[in-house]
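Me: Could you take a close look at one part of this structure for me, a single loop residue and what lies around it? Please start there and then work outwards through the rest of the fold.

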Amino acid sequence: MTGAINLPGSAGKPLAGWRVLVPRGGPWGDGVAAALRARGASPVIAPMINFAPTDDQPALEAALAKLAAGEFDWVTLTSATTVDVLSTYDAIIPETTKVAAVGETTAAALVAAGYHVDIVPSEDNSARGLLEEWEAATEGASGLRVLALRSAIAKQVLSIGLARAGHHVEAVVAYRTVGVPVSKKVADDVRSGRVNAVLVTSGSVAEQVQQQLGPIPESILVAAIGPQTKKDAAQVGLRVDVVARDRTAESLIDAVVDAATANA
């Protein structure tokens, strides 16, 4: 990494002069863009994934009706997008049904949408992390009725783990992830090194970055939001240079700042 690192900065604006590709739009993208600007960077918002309705809407609607009727003891959500789906359907989560979110971003989205949250993994914000803390959170109860809402491409780590623990799991696809082509200008800017860093927030984003923009020039810093995203990126041939300490947008930006200041 040569050209991406030796850029002007200051204590208050450590990313001054940096152009950072933000691969998601909406409130998340806007929030990240604002945080980048506060550090002196120029964000380039280029959504590379979007979300489409599930191929089996009747199954989702039936599951949400059962949820509203109080037929589940727990509901698990693995992404903020799943919360968007709940809001779209005006889904009701009874107070008697407990809610498990795999990470802080999902939990924040639930609260913002007016839902309650009962478990968020304290260390590992992932399906595995949630499984590790599940027994303590449920006081060792078995035979719980669990609705597991997920994306069409998500690995069913959580559903399988809960079923093995003796719970009755209904896994339902809430949405599909689809790729969104970036503009020619964005693609040209990345290939020519006029972008200094690329944020990678999921395996789906990693796949789109590699397919649409790869191979990423060595001068560009590629930052992943967590270890699993780094692994997913490796599987599609995308190089990752730094990984966020915590699976949050703030930590992801901090990883970019650390790399910039370490090599300034």
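Reply: Happy to. Let's begin with Thr201, which sits in the loop between strand 8 (197-200) and helix 8 (203-213). Please keep in mind that this is a predicted model.

Is Thr201 buried or exposed? Its relative accessibility is 10%, under the 20% cut-off, so Thr201 counts as buried. Setting aside neighbours within four places in sequence, Thr201 is in contact with Pro23, Arg24, Trp28, Ile225, Thr229 and Leu252. Several of these names help us to move outwards.

Take the pockets first. Thr229, one of the contacts of Thr201, is also among the residues closest to the centre of the largest pocket, together with Thr78, Ser202, Gln228 and Asp232. That pocket holds about 1400 Å³ of space, and 49 residues line it. Helix 9 (residues 227-235) gives the most to this lining, with six residues. By class, the lining of the largest pocket divides into 17 nonpolar, 22 polar and ten charged residues.

Arg24, another contact of Thr201, leads to the second largest pocket. Here the residues nearest the centre are Arg24, Phe51, Ala80, Thr81 and Asp84, out of 29 that line the pocket. Its volume is about 580 Å³. Two or more residues each come from helix 1, strand 3 (49-53), helix 2 (57-68), helix 3 (80-88), helix 4 (104-112) and strand 7 (168-179). Of the elements in this lining, helix 3 gives the most, with seven residues. The lining of the second largest pocket has 18 nonpolar, nine polar and two charged residues.

Now for the sheet that holds strand 8, the strand before our loop. Strand 8 belongs to an open sheet of five strands with the order 2-1-8-9-10 and parallel pairing. The edge strands are strand 2 and strand 10 (242-243), each pairing on one side only. Towards one edge, strand 1 (residues 19-22) and strand 2 (residues 42-45) run parallel and are joined by four bridges. Leu21 stands opposite Val44 of strand 2 in this pairing. Between these two strands the chain passes through helix 1 (residues 26-38), and the β-α-β crossover is right-handed. Trp28, which Thr201 touches, falls within the residue range of helix 1.

Towards the other edge, two bridges join strand 9 to strand 10, again with the strands running parallel. Ala223 has Val242 of strand 10 as its bridge partner. On the way from helix 8 to strand 9 (221-224) the chain goes through a loop that contains Pro215. What kind of peptide bond joins Gly214 and Pro215? The bond is cis, with omega at about -5°.

A second parallel pairing is worth a visit. Strand 4 (residues 74-77) is joined to strand 5 by four bridges, and the two run parallel. In strand 5, Lys98 is the bridge partner of Trp74. Strand 4, helix 3 and strand 5 together make a right-handed β-α-β unit, and its helix 3 is the one that gives the most residues to the lining of the second largest pocket.

Two loop residues belong in this part of the tour. Asp90 is placed in the loop between helix 3 and strand 5 (98-101). Its phi is near 50°, a positive value in a residue other than glycine. With a relative accessible area of 64%, over the 50% cut-off, Asp90 counts as exposed. Gly70, in turn, lies in the loop between helix 2 and strand 4. With a relative accessible area of 26%, Gly70 is partly exposed. The C-alpha atoms of Gly70 and Pro94 are separated by 6.2 Å, although the two residues are 24 apart along the chain. Not counting residues up to four places away in sequence, Gly70 touches Pro94, Thr97 and Arg145.

Arg145 brings us to a last stop, because strand 6 covers residues 145-151 under the strand numbering used here. Ser151 is found in that strand. Ser151 is buried, with a relative accessible area of 6%. Its contacts, leaving aside neighbours within four places in sequence, are Val173, Tyr175 and Thr177.

Technical notes: Residues numbered from 1 in each chain as written. Predicted model: local features only at pLDDT ≥ 70, side-chain atom pairs only at ≥ 80, totals over all residues. Heavy atoms only, no water. Pairing = 2+ DSSP bridges. Right-handed = clockwise from strand over helix to strand, strands pointing away. Buried < 20%, exposed > 50% of the residue type's maximum accessible area, 1.4 Å probe, protein only. Contact = heavy atoms within 4.5 Å. 1 Å grid on protein atoms, 1.4 Å probe; cavity = no way out; pocket = protein on both sides within 12 Å on 5 of 7 lines; lining within 4 Å. Points joined across faces, edges and corners; volume = space filled by probe spheres on them. Nonpolar A, V, L, I, M, F, W, Y, C, P; charged D, E, K, R; others polar.
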